[in-house]
Amino acid sequence: MDAHTPAPVPPPGCPAHGSGGRVPLYGPEFAADPQAYYAFMRHYGPTAPVEIAPGVEATLVTDYQAALQLLQDSGTFRKDARRWRDFNEGRIPADSPVAPVLAYRPNCMFADGAEHLRLRQAVTDSMARVDSRRLSHTAEQVSDYLIEQFGARGSADLLGDYAKQLPLFVFNELFGCPADIGDRVLFGISGMFDGVNAEKAMGVMFGALGELVAQKRARPGEDVTSWLMDHQARLTDEEMVHQLALLMVAGNEPLRNLIGNTLHRLLTHDAYAHRGGLIDEALDDTLWENPPMQNLAAHYPAADMEFAGTKLQAGDLVLVSFAAANTGPALTAARQAGSNRAHLAWSAGPHACPSKDPARQITVTAVENLLNRLPDVELAVPEDTLAWRPGPFNRGLTTLPARFTPVESVRRAAPEPRPAAPAHPGPAPAAARKGERGGLWSQFLNWLIK
């Protein structure tokens, strides 16, 4: 760029200094200040050329209206990742960290047309049957349990000790997981997110969900798994496992970040303490300015085309930046006019988040109960020392250290976990239990009956 260009200077660490340069959406510089990157990318227009991992190129939609157009146009843009041209032609490294997120799976997220409608309807109808009072009660029970694990210390990592774990426990209850299956689901999902032997963790999770489906076929209950099974879509066992995995994995990661990011906002912005409705307001502000999934919604053009001034080829990877669209100039006026829920944090169109209402309710309950139990909680380190997780998709902290006046337990401490009987004999469940650090779901279930 010459000295007379009106375009902003690229952020530190950004190599996109010339025509055609791709902006990297990974690394510590991007994680530290993604909004600086989005501000820079706007000079490209409604879309920008990006690299989401080494050797993985994409087009990122940063403009609100263009994003809305893409998300609502299921005829021109498809979700089936088997259309991804670079992947099919061998240009994506086998060990790419973004491949597990973008690779095709037989669930409603990667389906188009009639197949998408069938799978999506089963998911939305089943989630709609969740009773809001039951959901709040479950979230509050889980919150109490987690707080009891660290409350007497007077300090905690509100991410690792709280926000990261709470969604896993709530979803386990909603899906009707018995003890030994729930232990392995928690182990599997945690391993996938933490990147610790992720392939094994995924195998443990899918094995556990397969057993859950088999058990619910024999003994259905009042839970999402049974409702999915009973839906008129008549899902096969394989389809059941993949829809459950989608709900478990895609639901937990954003919810973890949403709880953590909302707590971060409340602990670092004094203004909320002087206004009513502080939790709802902080949650909405977080969804606008620091959404839990900042870039995702992978789409692939069905044919060569021009979109928002950019030429695209069939099968190109196109992503939507919810974070950039939410904070762009076009949406500022709408937000100032009072349209506080017009953001794209939940996506939009036929693939919008099917669980946004439960997610919001869980977050409000989790934050409210924490503040009620620990009224003087505060950040334990300077705000500028907090680190954000690297990567193009998520927006979440690595830790959120806090301190507070220690609180006494209102129940006896959770007992030492007792080995859960396997659903059937075989080495896999035993191997999973060996690595799951005592069976967290079993400990919670034991605590509930004390």
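1. How many bridges join strand β2 to β3? Six bridges join β2 (residues 47-53) to β3, and these strands run antiparallel; a strand here is a DSSP run of E with at least two residues, numbered from the N terminus, and two strands pair if DSSP finds at least two bridges between them.

2. This is a predicted model, in which local features need pLDDT of at least 70, side-chain atom pairs count only at pLDDT 80 or more, and totals for chains, interfaces and linings use all residues. Residues are numbered from 1 along each chain as its sequence is written, and side-chain values use heavy atoms, with hydrogens and water left out.

3. The pLDDT, which is the predictor's confidence in each residue from 0 to 100, has a mean of 87 for the protein chain, and 85% of the residues reach 70 or more.

4. Between β2 and β3, Thr 47 stands opposite Val 61, while Ala 48 has Leu 60 as its bridge partner. The two strands form a hairpin with two residues between them, and Gly 55 in the turn has a positive phi of about 80 degrees.

5. Strand β3 also pairs with β9 (residues 318-321), in the parallel sense and over three bridges, with Val 318 as the bridge partner of Thr 59. Five of the six residues of β3 (residues 56-61) are buried, so this strand is largely enclosed by the rest of the structure; buried means under 20% relative accessible area, with a 1.4 Å probe and protein chains only.

6. The open sheet has six strands in the order β1-β2-β3-β9-β6-β4, with mixed pairing. Because β1 (23-24) and β4 (77-78) stand at the edges with a single partner strand each, one side of each is left without a neighbour in the sheet.

Key
Buried means under 20% relative accessible area, exposed over 50%, partly exposed in between (1.4 Å probe, protein chains only). Helices (H or I, at least four residues) and strands (E, at least two) are DSSP runs, numbered from the N terminus.
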